[in-house]
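This briefing is meant for a reader who is meeting the structure for the first time. It begins with one contact within the core and then moves on to the domains, the ligand and a few individual residues.

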Amino acid sequence: METITSTSLELPLLRKGKVRDTYVLEGSLLMVATDRLSAFDVVFREGIPRKGEVLNRLSAFWFEKTKKIIRNHFVTLELPKVNNLPGYLKGRSMVVEKCTPLPLECVVRGHITGSAWKEYQKKGSVCGIQLPAGLHDGSELPNPIFTPSTKAEKGHDENIDEKRARQLVGDETFETVRQKSIELYDFADAYARKRGLVLADTKFEFGLDKDRKVILIDEALTPDSSRYWLEEKYDVGILESLDKQYVRNYLEGTGWNKSPPPPPLPPEVVQKTTERYLQAYAMLTGKKL
Ligand SMILES: Nc1ncnc2c1ncn2[C@@H]1O[C@H](COP(=O)(O)OP(=O)(O)OP(=O)(O)O)[C@@H](O)[C@H]1O
Ligand SMILES: [Mg+2]
């Protein structure tokens, strides 16, 4: 199977994101998940074989499972009947409803790690939420917390407190996305646990549909937007990630300053990343890709 890091379709382009390219169809959008990898908001030159397909099919899987919690933008994995679409789109593209994205990254954390762990060590709190003393990297929190961040057009997303988030989307929408995000997290974590994985944290995006109703958009519960840990390792104190954390850890060890240009990724790191993404897919869905 080909590794795809760029697309050029005979359709109007809405947006090229770090990972996904979105094209305009009549009344809907075609979202293409490429094999690009971004870490620390920098896109790497190397593609990760199979990654786009894992993201796309796993999102579709979760959209189906979670639609009873909240409606989402998923329409179909079938390729639209448009002339000259390349065959590589099969499996890595999805037709979705066009929405107006809310300017908020809706992060839910059931465990403390990553940027939240850094913030907690400095302040004892995360996004203005006071946490118990004595937590360590990976600790389970008493309850999952909602720690939204801005959606930065350029540069890094920034963690914000509740007051700022309410200003960005309004009180009513804030209440909706907070409640739905936590419900989605609880459901997915319970599901993952039955399959040997811990969902440490995840990020959702919501948008307004044509009736201005809040629905779930973007990707859902993928190894790009979530941290999944092997439960058997977690239980003995090891955080073994089936997601992008593996690449982040590699990069932390190289001394790279996290600004472009990105360093090359060794073939072994690329291959191990593919393996982790495929393993997450297989464990969660019970099917090999
Ligand atoms: N149904 C939708 N309608 C309109 N825009 C959408 C929809 N679903 C997702 N998007 C937007 O499409 C983009 C997806 O591309 P990608 O995830 O690669 O972007 P990104 O570089 O990660 O940027 P971001 O940090 O904004 O997600 C996101 O900006 C997301 O907000
Ligand atoms: Mg994104």
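In this predicted model, Ala-188 touches Trp-62, Leu-199 and Leu-221, when residues up to four places away in sequence are not counted. Ala-188 is also among the residues with the most contacts inside the largest nonpolar core, a group that further includes Met-31, Ala-192, Leu-197, Leu-199, Phe-206 and Tyr-228.

**Nonpolar cores**

- The largest nonpolar core has 53 residues, and because domain 1 (13–97) and domain 2 (100–249) both give residues to this core, it lies between them.
- A second core, separate from that one, has 7 residues, among them Leu-37, Ala-39, Phe-44 and Leu-265.

**Overall form of the chain**

- The chain has 289 residues and a radius of gyration of 18 Å, which agrees with the value near 19 Å that a compact globule would have.
- Taken along the principal axes, the box filled by the C-alpha atoms of the chain is roughly 60 × 45 × 40 Å.
- The secondary structure of the chain comes to 7 helices and 16 strands, and 38% of the 289 residues count as buried.
- Among contacts between residues at least 6 apart in sequence, 64% join residues that are at least 24 apart.

**The two domains and where they meet**

- The domain assignment divides out domain 1, with residues 13–97, and domain 2, with residues 100–249, and the centres of these domains, taken over C-alpha atoms, are separated by 21 Å.
- Where the domains meet, 17 residues of domain 1 are in contact with 21 residues of domain 2.
- Helix α1 (residues 51–66) supplies 7 residues to the side of domain 1 that touches domain 2, and this is the largest share of that side.
- Sorted by class, the side of domain 1 that touches domain 2 has 10 nonpolar, 4 polar and 3 charged residues.

**The surroundings of ligand 1**

- Ligand 1 is surrounded by 18 residues, of which the closest are Gly-17, Lys-18, Val-19, Arg-20 and Ile-217.
- The elements that give two or more residues to this shell are the strands β2 (20–25), β7 (93–97) and β14 (197–208).
- By class, the shell around ligand 1 consists of 6 nonpolar, 4 polar and 8 charged residues.
- Since domain 1 (13–97) and domain 2 (100–249) both give residues to the shell, ligand 1 lies between them.

**Asn-56, a buried residue in helix α1**

- Asn-56 is found in helix α1 and is buried, because 23 other C-beta atoms lie within 10 Å, where 20 or more are required for a residue to count as buried.
- Leaving aside neighbours within four places in sequence, Asn-56 is in contact with Ala-33, Gly-91, Arg-92, Ser-93 and Met-94.
- Although Asn-56 and Met-283 are 227 residues apart in sequence, their C-alpha atoms are 16 Å apart in space.

**Phe-44 and the proline pair**

- Phe-44, in the loop between β5 (42–43) and α1, is buried, with 21 other C-beta atoms within 10 Å.
- Phe-44 touches Leu-37, Pro-262 and Leu-265, not counting residues up to four places away in sequence, and both Leu-37 and Leu-265 are, with Phe-44, among the residues of the second core.
- The C-alpha atoms of Phe-44 and Pro-261 are separated by 8.4 Å, while their positions lie 217 residues apart in terms of separation along the chain.
- Pro-261 itself lies in the loop between α6 (245–252) and α7 (267–285), and a cis peptide bond, with omega about 0 degrees, joins Pro-260 and Pro-261.

**Two residues with positive phi**

- Arg-50, which is not a glycine, has a positive phi of about 75 degrees, and its place is in the loop between β5 and α1.
- Because 20 C-beta neighbours lie inside 10 Å, Arg-50 counts as buried.
- Lys-258, likewise a residue other than glycine, has a positive phi near 65 degrees and is found in the loop between α6 and α7.
- With 13 C-beta neighbours inside 10 Å, Lys-258 counts as partly exposed.

Conventions. Residues are numbered from 1 along each chain as its sequence is written. Chains are lettered from A and ligands numbered from 1 in the order in which they are written. This is a predicted model: local features need pLDDT of at least 70, side-chain atom pairs count only at pLDDT 80 or more; totals for chains, interfaces and linings use all residues. A residue is near a molecule or strand if its C-beta atom, placed from the backbone, lies within 6 Å of it. Helices (H or I, at least four residues) and strands (E, at least two) are DSSP runs, numbered from the N terminus. Ala, Val, Leu, Ile, Met, Phe, Trp, Tyr, Cys and Pro count as nonpolar, Asp, Glu, Lys and Arg as charged, and the others, Gly among them, as polar. Domain bounds come from an automatic or database domain assignment. A nonpolar core is a set of buried Ala, Val, Leu, Ile, Met, Phe, Trp, Tyr and Cys residues joined through C-beta atoms within 7 Å. A residue is buried if 20 or more other C-beta atoms lie within 10 Å of its own, exposed if 12 or fewer, and partly exposed in between; C-beta atoms are placed from the backbone. Two residues are in contact if their C-beta atoms, placed from the backbone, lie within 7 Å. The radius of gyration is taken over C-alpha atoms; the globule rule is 2.2 Å times the number of residues to the power 0.38.
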